[in-house]
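Colleague: Got a minute to walk me through this model? I'd like to go over the strands, the helices and the charged pairs.

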Amino acid sequence: CLPGFDSLPLLLQVEEVAALLRVSRKAIYAMVERDEIPGVTKLGRRLRFRRDALEAWLVDASAK
């Protein structure tokens, strides 16, 4: 479990994921287009990201 993740909402907005990963919103949209980021849910035209999927992805990436 990564520190601070429990305090985040279950579904994160693009801006929140960008801040978490310290990249731009544009970079997040590009990662979604390339299928590089997990837990993406489309609600109409809006993107949301599952907190648990992002956390698992980051833990897995740091273990490599």
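Modeller: Sure, here are some questions and answers about the fold and the surface; bear in mind that this is a predicted model.

Colleague: Let's begin with the sheet. In what order do the three strands come?

Modeller: Go through the pairings. β2 and β3 (residues 46-50) pair antiparallel over four bridges, and two bridges join β1 to β3, also antiparallel. β1 (11-12) and β2 each pair on one side only, as edge strands. That gives an open sheet in the order β1-β3-β2.

Colleague: Which residue of β3 is the bridge partner of L12?

Modeller: Look at the pairing of β1 with β3, which is antiparallel and has two bridges. The partner of L12 in β3 is F49.

Colleague: And on the other side, which β3 residue is the bridge partner of K42?

Modeller: Here you want the pairing of β2 with β3, the one with four bridges. β2 covers residues 40-43, and the bridge partner of K42 in β3 is L47.

Colleague: Which residue takes a positive phi in the hairpin of β2 and β3?

Modeller: The hairpin has two residues between its strands. With β2 at residues 40-43 and β3 at residues 46-50, you look in between. The phi there is near 70 degrees, and the residue is G44.

Colleague: What angle does helix α3 make with β3?

Modeller: Helix α3 (residues 51-63) packs on the sheet and touches β1 and β3. Its direction, compared with that of β3, makes an angle of about 60 degrees.

Colleague: While we're on that helix, how far apart in space are A61 and A18?

Modeller: A61 sits in helix α3, and its relative accessibility of 46% makes it partly exposed. In sequence, A61 and A18 are 43 residues apart. From C-alpha to C-alpha, the distance between A61 and A18 is 17 Å.

Colleague: On to the surface. Which residues make the nonpolar patch?

Modeller: One member, L43, lies in strand β2. L43 has a relative accessible area of 48% and is therefore partly exposed, and a patch residue needs over 30%. The patch covers about 300 Å² and is made by L10, L11 and L43.

Colleague: Now the charges. How many salt bridges are there?

Modeller: Take the pairs one by one. E15 and R25 meet at 3.2 Å, N to O, R34 and E36 at 2.9 Å, and R50 and D52 at 3.2 Å. The cut-off is 4 Å, and the count comes to three.

Colleague: Which helices does the pair of E15 and R25 link?

Modeller: The side chains of E15 and R25 meet in a salt bridge. The two are 10 residues apart and link distant parts of the chain: E15 is in helix α1 (residues 14-21), R25 in helix α2 (residues 25-33). So the helices, going by where E15 and R25 sit, are α1 and α2.

Colleague: Is E15 buried, exposed or partly exposed?

Modeller: Buried would need under 20% and exposed over 50%. E15 has 38% relative accessibility, so E15 counts as partly exposed.

Colleague: Last one: why does D52 count as partly exposed?

Modeller: D52 meets R50 in a salt bridge, and R50 is partly exposed, with a relative accessible area of 37%. The limits for partly exposed are 20% and 50%. D52 falls in between because its relative accessibility is 45%.

Technical notes
Residues numbered from 1 in each chain as written. Predicted model: local features only at pLDDT ≥ 70, side-chain atom pairs only at ≥ 80, totals over all residues. Heavy atoms only, no water. Patch = residues over 30% accessible without salt bridge, like charges linked within 9 Å, V, L, I, M, F, W, Y side chains within 5 Å. Areas by Shrake-Rupley, 256 points an atom, 1.4 Å probe, with all protein chains shown as cover. Buried < 20%, exposed > 50% of the residue type's maximum accessible area, 1.4 Å probe, protein only. Pairing = 2+ DSSP bridges. Contact = heavy atoms within 4.5 Å. Axes fitted to C-alpha atoms, helices over the stretch in contact; angles between N-to-C directions.
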